Amino acid sequence: MTTRARNSAAVAALGIVLALVGAVLTPAHADTGAWPDRTGDVRRTTFDGSGDTTTQTTSLVPKRKQGDLRSYRVSYAPERIRMTLGFRDLRRKAGHVWVVAGLRWGGDRFDEVTLETGPGNRRGRSLLESDPTCAVQHRVDYGRNRMTIVLPARCLERPDRLRFRVSVHETDDREDPSYFFKDTAPGAGKRWSPHVDRG
Ligand SMILES: [Ca+2]
């Protein structure tokens, strides 16, 4: 084989390798919705249990960055649903944090994934409400202030399209909280995102 032929063969082989790498790295087609959430909109609810009744007071704490959602994104590939939450700040040394990610489809079908982190559990635990055997995966990235939840689409029987909403709670005492912080999206957490189609 001449030098030129060897070089040509090497270039061709490299091209095949790059094509294979590209095929592996390029995800299957997914439909994606990505939206911002207002910042400075975390609310604190305090319980006062003195006396015979418990009173509840809620106020805005606009300077609080911890747990303040700033973006949310849903990507729906044929076989998996990926939800990504961006925060202003997500500290490793925080209280108990519960994320409740709701999914709605087919008119009145509804399910939710919970992701809980806290002292001694910084990597977190996640669970699909309707099916504890569903292999939900998640990642809590404190460095990038981001949480990711990935749900196999089969766990929801692969709906054609779905909508999303999320709430984030944090408190100090898991069993008997005297207060909690809360942020929700979209808006006050009673609406749903626009539809995201199955990719
Ligand atoms: Ca927010």
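**Exposure, strands and turns**

Trainee: Does one call Glu 157 buried or exposed, and why?
Mentor: Glu 157 counts as exposed, because it has 9 C-beta neighbours inside 10 Å and the cut-off for exposed is 12 or fewer. Please keep in mind that this is a predicted model.

Trainee: Where does Glu 157 lie?
Mentor: Glu 157 lies in the loop between β10 and β11. Its phi is positive, about 60°, although Glu 157 is not a glycine.

Trainee: And what is the phi of Arg 158?
Mentor: Arg 158 has a phi near 50°, again a positive value in a residue other than glycine. Arg 158 is likewise found in the loop between β10 and β11.

Trainee: How does Arg 158 count for exposure, and why?
Mentor: Arg 158 counts as partly exposed, because 14 C-beta neighbours fall inside 10 Å.

Trainee: Let us turn to the whole chain. How many helices and strands are there?
Mentor: The protein chain has one helix and 13 strands. The helix comes at the N-terminal end of the order of elements, and the strands follow it. Of the 199 residues, 23% count as buried. Among contacts with a separation of 6 or more, 59% come from residues 24 or more positions apart.

Trainee: In what order do the five strands of the open sheet stand?
Mentor: The order is β1-β4-β5-β10-β9, with antiparallel pairing. β1 (31-36) and β9 (137-141) stand at the edges with a single partner strand each, so one side of each is left without a neighbour in the sheet. From one strand to the next, the twist averages 10°.

Trainee: How many bridges join β5 to β10?
Mentor: Seven bridges join strand β5 (residues 80-87) to strand β10 (residues 146-152), and the two run antiparallel. Within that pair, Thr 84 stands opposite Thr 148.

Trainee: Which strands does β6 pair with?
Mentor: β6 pairs in the antiparallel sense with β11 (residues 161-171) over nine bridges. Nine bridges also join β6 to β7 (residues 109-118), and those strands run antiparallel too. His 96 has Thr 171 in β11 as its bridge partner, while Arg 104 stands opposite Phe 110 in β7.

Trainee: Which residues are on the covered face of β6?
Mentor: Val 97, Val 99, Ala 101, Leu 103 and Trp 105 make up the covered face. His 96, Trp 98, Val 100, Gly 102 and Arg 104 make up the uncovered one.

Trainee: How many residues are between the strands in the hairpin of β6 and β7?
Mentor: There are three residues between the strands, and Gly 106 in this hairpin takes a positive phi near 60°.

Trainee: What does Gly 118 in β7 touch?
Mentor: Leaving aside residues up to four places away in sequence, Gly 118 touches Gly 95, His 96, Val 97 and Arg 174. Gly 118 counts as partly exposed, because it has 17 C-beta neighbours inside 10 Å.

Trainee: How far apart in space are Gly 118 and Thr 171?
Mentor: They are 9.4 Å apart, C-alpha to C-alpha, with their positions 53 residues apart in sequence. Recall that Thr 171 is the bridge partner of His 96, and that Gly 118 touches His 96.

Trainee: One last topic. Is the peptide bond from Ala 185 to Pro 186 cis or trans?
Mentor: That bond is cis, with omega near -5°. Pro 186 has its place in the loop between β12 (179-185) and β13 (196-197).

Definitions and conventions:
Residues numbered from 1 in each chain as written. Predicted model: local features only at pLDDT ≥ 70, side-chain atom pairs only at ≥ 80, totals over all residues. Pairing = 2+ DSSP bridges. Helix = DSSP H or I, 4+ residues; strand = E, 2+ residues; numbered from the N terminus. Axes fitted to C-alpha atoms, helices over the stretch in contact; angles between N-to-C directions. Buried ≥ 20, exposed ≤ 12 C-beta atoms within 10 Å, placed from the backbone. Contact = placed C-beta atoms within 7 Å.
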